[in-house]
Amino acid sequence: MRTTNLAVVLRHLRAHGPSSRAAIAASTGLTKATVSSLTGDLIAHRLLRETGLSGNRIGRPATALTLDGSAYAAIGIQVSPGQLTALAVDYAGDQLLLWHRAFEPRRMNSEIVALAQRAASRVRQHGRHLLGLTVAVPSPDLRDLIAGSLRQKDLVVTVAHHAVLAAVAEQRQAGRPGGDLAYISGAAGLEAGLILDGHVRRGGRLGGFTLGPAGSPTLQDQAGIETLVKRALPDFDPSALIDLGPAVEQVAARARAGDAVALATLAHTGSYLGQGLAVLTNLINPEVMILGDHFATLAEWLIPAARAELSRHGKASAVRVVASTLGLHAAALGGAVAHLDQVDIGRIPQPVG
């Protein structure tokens, strides 16, 4: 019961910001004595701190409490084509570091281990207790390979699916704490990460669906980012597609300039993407579909076409389609906050000196 109540207090403060003990009790239904005991424990563990006086009440001002991010942190590492991203955040959600490193595919494991060790060392140098590290991978096939290389004493290390961790980041950092959502990633194939009933579900390839009779092109063939770039930029050098970011930005620039080929390609991609979203809606009926990473960069053109396709399937009113605001390293962020979420459910770490 105490673990549950600790989680109630932490989630209240994460959702509502600084609050007095009396306000926490009134909002959560816990007694004032219980809140006083719980907050005392959380202050001792350096998860809360007093911020001063709260004046938004009748009578004597009360002392306000807020989340304290100074003692604990977690790290996410994102594996993308040709690039590794390391991101660390503290318990309050403040970013401590964001590093990008190029790597050679044949040295991927050693590069990930080296980056993980450097990031962990930097976080500890800043006086934070490291709660854990998660590597976001674009393919389930890489999980065991990477996990075996990353075993580190006294550090919780996990490996998870790229799109799933991006969905976790959306749920926590972008203010989507409840309900169902699907995060659609185009960074390494067309994939989806799912949050259902507030809980993380396994993600996977959305692009493998075949739209039509056997032998027809897949959704990846029609709506994948690499396919989009090749169609929108016929003069683009295919050998430069290892890093799709600059090419995607170029497509966006041409679309803003009214380039007919870019606009037609985006409408084509958005329409087929809408078919994929309609399939997901039929299966899980999420409240919101979030277009992430490269799809988010092109969302202003993709979303209208996708919504039109959803309308054709009678699904437009069943789901919202929005663009992610978390950028290209959402999976790294999700990898970090996945460990912080363990604190939010009342699993309190040992006090840090």
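Reader: Which residue stands opposite alanine 136 in β8?
Author: In this predicted model, local features need pLDDT of at least 70, side-chain atom pairs count only at pLDDT 80 or more, and totals for chains, interfaces and linings use all residues. Residues are numbered from 1 along each chain as its sequence is written, and side-chain values use heavy atoms, leaving out hydrogens and water. The partner that stands opposite alanine 136 in β8 is alanine 160.

Reader: How many bridges join β7 to β8?
Author: Strands are DSSP runs of E with at least two residues, and helices are runs of H or I with at least four, both numbered from the N terminus. Two strands pair if DSSP finds at least two bridges between them. Strands β7 and β8 run parallel, and the bridges that join them number 5.

Reader: Which residue in β7 stands opposite isoleucine 77?
Author: Strand β4 (residues 72-80) also pairs with β7 in the parallel sense, over 6 bridges. Opposite isoleucine 77 in β7 stands valine 135.

Reader: Why is strand β7 largely enclosed by the rest of the structure?
Author: Buried means under 20% relative accessible area, exposed over 50%, and partly exposed in between, using a 1.4 Å probe and protein chains only. Strand β7 covers residues 129-137. It is largely enclosed because the buried residues number 8 of the 9.

Reader: Where does the side chain of histidine 161 reach at 3.2 Å?
Author: Histidine 161 lies in strand β8 (residues 157-161). It counts as buried because its relative accessibility is 2%. A polar contact is a pair of N or O atoms within 3.5 Å; within protein, one must be able to donate a hydrogen and the other to accept it, and residues adjacent in sequence count only if both atoms are side-chain atoms. At 3.2 Å, the histidine 161 side chain reaches the backbone nitrogen of alanine 163.

Reader: Which are the edge strands of the open sheet of 5 strands?
Author: The sheet has mixed pairing and the order β11-β10-β9-β12-β13. Within it, β9 (residues 181-185) and β12 (residues 288-291) pair in the parallel sense over 4 bridges. Each edge strand pairs on one side only, and these are β11 (199-205) and β13 (320-323).

Reader: At what angle does helix α6 run to β10?
Author: Axes are lines fitted to C-alpha atoms, for helices over the stretch in contact (heavy atoms within 4.5 Å). Angles run from 0 to 180 degrees between N-to-C directions. Helix α6 (residues 162-173) lies across β9, β10 (191-196), β11 and β12, and its angle to β10 is about 45 degrees.

Reader: What phi does glycine 17 take just after α1?
Author: Helix α1 (residues 2-16) has buried residues including Asn5, Leu6 and Val9. Glycine 17 follows just after α1, and its phi is positive, about 80 degrees.

Reader: Which residues of the largest nonpolar core touch the most other members?
Author: A nonpolar core is a set of buried Ala, Val, Leu, Ile, Met, Phe, Trp, Tyr and Cys residues joined through side-chain atoms within 4.5 Å. The largest one holds 39 residues. Its largest share, 7 residues, comes from helix α13 (residues 330-344). The members touching the most others are Val9, Leu48 and Tyr91.

Reader: What share of the protein do buried residues make up?
Author: The protein has 13 helices and 13 strands. It counts 353 residues, and the buried share is 48%.

How values were computed. Expected span 1.5 Å × (residues − 1).
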